[in-house]
Amino acid sequence: MESFVYIVHSDVSEKKLNKLLPAKTDYNIQIETGEVVQGVVLDTFDNAALAQSLLLLGLEGRLVLMNLKTGEFLEQEVAGEWRFAKDLSAGLVKELLSGLADLRAFLPVAKVTFHRDRGALLDDEGKTRARYSSLVVHHKKSITCLGSATSLRGYQSGYEELVSLLQNAGAKELTDVFAFYRQLGIKRELYTNKPVLTLDATAPASETAAVIIRAFIQIARRNESGIVADHDTEFLHDYRVSFRKVRSVLSLFKGVYEPEKTSELKADFALIMQSTNRLRDLDVYLMEKENYYKMVPDPSVAGLELLFEYLAKERKKELKKVVKDLQSEEYAARVAALTSLFKSSDKIPTGPKGALPSKLLAAHLVLKRYNQACKIACSIERTTPDSVVHDLRISCKKLRYLMEFFTPLFDEESIKKLIKTLKNLQDNLGKFNDYSVQQAFLRHILDHDLGQFKGNEIQISEAVGALTAMLFRLQKKERNQVMNNFSRFNSEETGLLFKQLFEIAEVE
Amino acid sequence: MKIIACYSNKGGVGKTATSVNLAYACARSGKRTLLCDLDPQGASGFYFRIKPSRKLKDRAFFKDVERFVDSIRASDYDNLDLVPANMTFKDFDIFLSRMKNSRSRLKKALKAVDSDYDVIILDCPPNISLLSENVFKTADKIVVPVIPTTLSSRTLEQLYSFFKDNGYQTKKLLPFFSMVQLSKKLHKESMHILRKKYKGLLKPYIPFSSEVERMGVHRAPVITYANKKSIGDAYAEMWKDIEIKTKIA
């Protein structure tokens, strides 16, 4: 079955289409107009649905989803409030939304009114030769219509007739899904936590550092309102990762800025992040809730429930603090000052390496970090302390950041290949670290917060004990895989690629 | 893919109405359905407003199987396609005889659309020919409409004997009562006698209905327009029973 997915900036009526038919024709168009309803366009902050060509509309008790690739319409009933795909009951829409952005909340983008029409091209005996379905959407004074014509088996010419008819009525093949927003005058900025930067290979390193830092400050700041509104945990996560990247640039580009200024800036950014540390820890904990329930034996579940009740309450308190902090004048002033500082590169005193050509410095930094990671990895044996594995994790993370920052300066395909080979090892090390942090977090509760659970101390201790034992076992499992994953990452081919990409740059 | 034939060696028993309405019930239950009108005088295509394709006749250079696939037309209903009885199929017997191993040729032709459909329903002409023998061999089940009268019971007897004499599996036969008028004493009595004789007779039956007669006016399956729910329900219920007996998942 063929389909033609189109956009047209008007409501194409039955009358109009019939008028466009040739004078002597056996065909006629019939449209069944749907009821006009009020609804809202929904998507995640990072446009996860539309990026996958899915347009989601919410209305009273129902969701309508149009697949803009296939032209297919799906509907599902909704009972009550929902924010995440997992909150929906089983259904066709849920099926498509699941896995798109499981941690992201679906938020209203714009209020609209719309109707769904079903049309058909009929022959002189009333037989349907081709069909189309359209969604006519109004927003304020604008209108647009998304539709799709589909062929029926054995009736190719009828389909072609219908497509050309729609085209004569102004329909254009939908090639850019965001045209929908533009046409309706809905302002929707694109968001990504992994921006593609424009870097100049020969520009002084201090300038490139400013470009990268500027970009990540901007990304971090775009998440502020989402954190305050507490839509989902990804806002805080992206906020923190972006500021962490800023700090990484400052410490990795050692000597690019004046040492004293660098330390001062590092302290400033650390301070900004500090107040959100505990909230992120609690988020991670609460996200893992279901997994934890699966991990512990039944007798510990009651204790776990008490523990999670406590953590949820703590999160509420912690969120209040973070919100207050983000809305404070002090925060605004501090972030504004940092933002303006990086607006241009000449405001910051440079260090001895500040004038180095960016590509040269980049190549040098990547190679150095790669060699360092290899050195640490080679020293790891069964008896090596965990702290060394942590060092390897940090080294790999920095290597990854460097490669990501500098992707535009090197052959994109090769560098992406290297990042990909690093991913398995990083996932492995990341889990190793998570399990370790989680154990420490639990220990902290036992050591400091047991007083909060008056009368239930034994239940809590039991649950924490059971959970810690499981986390310890999982951590050990991850640790045992580190060496394997490293040797898989550091194949001869990978080593060669690193040298090819980054040693050559040094010669240049 | 399951193949279900609708066959009667006697005309005027509601065979085409049965094919059309069962195919519709099948499609409505979510199965991808192809209704093949093998009866040159058949009207399945007419009931779905599908015109026989003139173009196909002119494309004689096409291979036969390809021609068969090309003649498939979508109906106006989801999951339901049709092969109308067009000029080409008047010569279906010739088509089949041109292929080697004439008795399994139909299967070969249907194999070409195997992955496109869950169920194929064959509306067969009311005679015994090379085509119908292909059908007996190929079909998983053969539904046989029987009007509960003395004459119809004799035809059914003939069909069973033909199957036995020619080595076809009689368990494929699924006779059912068609155009039943319970107000008629003859119908009631015949049903009683025949049910005793033929254990394979389907329990559900199709009552006589003026709504079915009006299919030619509406040019649509009776379930889509009938005011009285009962006739539509009868076909749906019969389809359910056939589904179970044919082991259609």
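This passage describes cysteines, aromatic rings and a strand sheet in a predicted model.

The cysteines were examined first. A disulfide is a covalent bond between the sulfur atoms of two cysteines. A search of the whole structure, over all chains, finds zero disulfides. A:Cys378 illustrates this result. The nearest cysteine sulfur to A:Cys378 belongs to A:Cys374 and lies 6.2 Å away. A disulfide needs the two sulfur atoms within 2.5 Å, so this distance does not qualify. A:Cys378 is exposed, with a relative accessible area of 64%. A:Cys145, in contrast, is buried, at 2%. The two labels follow from the cut-offs: buried means under 20% and exposed means over 50%.

Aromatic contacts come next. Over all chains, the structure holds 34 aromatic pairs. One of them joins A:Tyr310 and A:Phe453. Their ring centres are 4.8 Å apart, and their planes meet at 65 degrees. Planes over 60 degrees apart count as edge-to-face, so this pair is edge-to-face. The pair also links distant parts of the chain, with the two positions 143 residues apart. A:Tyr310 belongs to helix H12 (residues 301-326) of chain A. A:Phe453 lies in the loop between helix H16 (412-449) and helix H17 (457-489) of chain A. A:Tyr310 counts as buried, at 9% relative accessibility. A:Phe453 is buried too, at 5%.

Chain B offers another edge-to-face pair, formed by B:Phe46 and B:Tyr47. Here the centres are 6.0 Å apart, with 65 degrees between the planes. B:Phe46 is partly exposed, at 38% relative accessibility. B:Tyr47 is buried, with a relative accessible area of 17%.

Rings also gather into a cluster. Ring pairs link A:Tyr370, A:Phe410, A:Phe486, A:Phe489, A:Phe498 and A:Phe502. Charged groups meet rings as well. The charged end of A:Arg104 sits over the ring of A:Phe235, 4.7 Å from the ring centre. The charged end of A:Arg116 sits over the ring of A:Phe73, at 4.1 Å from the centre.

The last feature is a sheet in chain B. Seven strands build this open sheet, in the order S3-S4-S2-S5-S1-S6-S7. The pairing is mixed. Strand S3 (73-74) and strand S7 (173-177) stand at the edges. Each has a single partner strand, so one side of each is left without a neighbour in the sheet. Further in, strand S2 (residues 33-37) and strand S4 (residues 80-83) of chain B pair in the parallel sense. Four bridges connect S2 and S4. B:Cys36 has B:Val83, in S4(B), as its bridge partner.

Notes. Residues are numbered from 1 along each chain as its sequence is written. Chains are lettered from A and ligands numbered from 1 in the order in which they are written. This is a predicted model: local features need pLDDT of at least 70, side-chain atom pairs count only at pLDDT 80 or more; totals for chains, interfaces and linings use all residues. Side-chain values use heavy atoms; hydrogens and water are left out. Buried means under 20% relative accessible area, exposed over 50%, partly exposed in between (1.4 Å probe, protein chains only). Rings of Phe, Tyr and Trp (its six-membered ring) pair if their centres lie within 6.5 Å; planes under 30 degrees apart count as stacked, over 60 as edge-to-face and the rest as tilted. A charge sits over a ring if NZ of Lys or CZ of Arg is within 6 Å of the ring centre and within 35 degrees of the ring normal. Two strands pair if DSSP finds at least two bridges between them.
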